[in-house]
Amino acid sequence: MGIIVQKFGGTSVADAQRVRNVAERILYTQSKGHQMVIVVSAPAGKTDELLALAKGVAKKPTAREVDMLLATGEQISIALLAMAINDLGGKAISLTAAQVGIKTDNSHRKAKITEVASTRILSELAKGQVVIVAGFQGVNSQNDITTLGRGGSDTTAVALAAALKADMCEIYTDVDGVYTADPRLVPEAKKLKEISYEEMLEMASLGAKVLHLRAVELGKKYNVPIHVRSSFNENPGTIVRGGELMEQGKIVVGVAHDTKISKLTISKVKDNPGVAAKIFARLAEAGVNVDMIVQGASKEGLADISFTVNKEDAALAHDVATGMMQELSAQTVDRDDHKAKVSIIGTGMITNPGVAAKMFNALAEKGINIEMISTSDINISTVIPESEVEKAVVTLHNVFELDK
């Protein structure tokens, strides 16, 4: 049998008993003849605890030192899991990203993987070892520790699976697959047996938290099948893969939502060529990632420009826009942190007209005001008041009959 990469999230290794449960599960899979490479996150809550410590000793801790600190969370998990497997009669070795050879660019806190060496892992596998690798981290060209951002352990796992040409990358988490909507909002949400890379990319980018966006991108690029499963039961999960899917009959496969967005509006700017380019170039220079953009109709040569950003970037975006007011001859810069994005996703939308009308009519009938709209071939997204999210998600799940 071939190599299987398994990734276990923080809730899966939150305490000693859960670590032993994971160890037993790994050894069971290995007993079927597989070679096992395991990626582990920090114990649940540990990363937040470490961030709080950093902020307790420094008002603005440097990104390099924050990475040095945060990387210790995963080292706790890999060491404990290796101990548990060895105690149960197996053979395991824990390795940091540096020991494995996971290279990244020079960015801190949001580094991207540039190279994965396989020599050390293959050598340990040949000895019959379960190889346990720290997720979420790498080393840059200066051999400084970097971290990959929240959810980065998923990316580590898929990158390793690609480098090792693994048969499967299994992502174990606290949910047992990808659902047609968040089950906490829609109890009737259905678990999908499989979903395409394209649809999963849209789901992940639009608010579904079950898989990290960059992990799906890597899976698609290197054709790594990803199996999203629960670490608390043996049920089959959701396979994310390419090729023809059996469940291709549905026009819409899921509803995603994101409450971590803010809307900013720069009012009464001159409606001249290059003005929008100047605004968004300045935001990009500041490291602000802009999502949706709407420019209102020009009146007397003036227009309003609205855009959305992640809530974490809202204060910075507001500062940048406010700093440009005189340059733009703008009247005001308004910021609203109480917005949300609700989206429908499905490759079937490409060849089926009327989906947008059906979505907008359903929201209108429930009295939900749409403030912004964006579309692609396989998604339609709307910005609405945050207070209307649950109603909107339930409504769209029902109107597109996703529980069937």
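Lys263 is buried, at 15% relative accessibility, in this predicted model. Its side chain meets that of Glu371 in a salt bridge with an N to O distance of 3.0 Å. The briefing below covers this contact, other salt bridges, the aromatic pairs and a nonpolar surface patch.

**Salt bridge between Lys263 and Glu371**

- Lys263 belongs to strand β13 (residues 254-270), whereas Glu371 sits in the loop between α12 (355-365) and β17 (372-376).
- The two residues are 108 residues apart, and the pair thus links distant parts of the chain.
- The partners fall into separate accessibility classes: Lys263 has 15% relative accessibility and counts as buried because the limit for that class is under 20%, while Glu371, at 25%, counts as partly exposed.

**Other salt bridges**

- Side chains of opposite charge can pair when their charged atoms come close.
- The structure has a count of 23 salt bridges.
- Glu327 and Arg282 provide one of them, their side chains meeting at 3.0 Å, N to O.
- This pair also connects distant parts of the chain, with Glu327 in helix α11 (residues 325-328) and Arg282 in helix α9 (residues 275-285), 45 residues apart.
- Glu327 is partly exposed at 41% relative accessibility, and Arg282 is likewise partly exposed at 30%.
- Asp337 forms a salt bridge with Arg335, in which the closest N and O atoms are 2.9 Å apart.
- Asp337 counts as partly exposed at 23% relative accessibility, as does Arg335 at 39%.
- Lys263, Asp336, Lys339 and Glu371 are joined into one network by salt bridges that share partners.

**Aromatic pairs**

- Two aromatic pairs are found in a search of the whole structure.
- Phe8 and Tyr172 form a stacked pair, because their ring planes lie at 10° and planes under 30 degrees apart fall in that class; the ring centres are 4.7 Å apart.
- Phe8 lies in strand β1 (residues 3-8) and Tyr172 in strand β9 (residues 168-173), so that a separation of 164 residues in sequence is bridged by the pair.
- Phe8 is buried, with a relative accessibility of 0%, and Tyr172 is buried as well, with a relative accessible area of 1%.
- Phe280 and Phe307 make an edge-to-face pair, with 5.4 Å from centre to centre and 85° between the planes.
- Phe280 is part of helix α9 and Phe307 is part of strand β15 (residues 302-310), so this contact ties together parts that are 27 residues apart in sequence.
- Phe280 and Phe307 are both buried.
- Helix α9 therefore contributes Phe280 to an aromatic pair, and Arg282 of helix α9 takes part in the link to Glu327.

**Nonpolar surface patch**

- Ile76, Leu80 and Met83 form a nonpolar patch on the surface, and together they have about 270 Å² of accessible area.
- Leu80 is located in helix α3 (residues 63-87).
- Leu80 has a relative accessible area of 40% and is classed as partly exposed, because that value lies between the limits for buried (under 20%) and exposed (over 50%).

Conventions
Residues are numbered from 1 along each chain as its sequence is written. This is a predicted model: local features need pLDDT of at least 70, side-chain atom pairs count only at pLDDT 80 or more; totals for chains, interfaces and linings use all residues. Side-chain values use heavy atoms; hydrogens and water are left out. Patches are made of residues with over 30% relative accessible area and no salt bridge: like charges are joined within 9 Å, nonpolar side chains (Val, Leu, Ile, Met, Phe, Trp, Tyr) within 5 Å. Accessible areas come from the Shrake-Rupley method with a 1.4 Å probe; for residues, only the protein chains shown count as cover. A salt bridge is a side-chain nitrogen of Lys or Arg within 4 Å of a carboxyl oxygen of Asp or Glu. Helices (H or I, at least four residues) and strands (E, at least two) are DSSP runs, numbered from the N terminus. Buried means under 20% relative accessible area, exposed over 50%, partly exposed in between (1.4 Å probe, protein chains only). Rings of Phe, Tyr and Trp (its six-membered ring) pair if their centres lie within 6.5 Å; planes under 30 degrees apart count as stacked, over 60 as edge-to-face and the rest as tilted.
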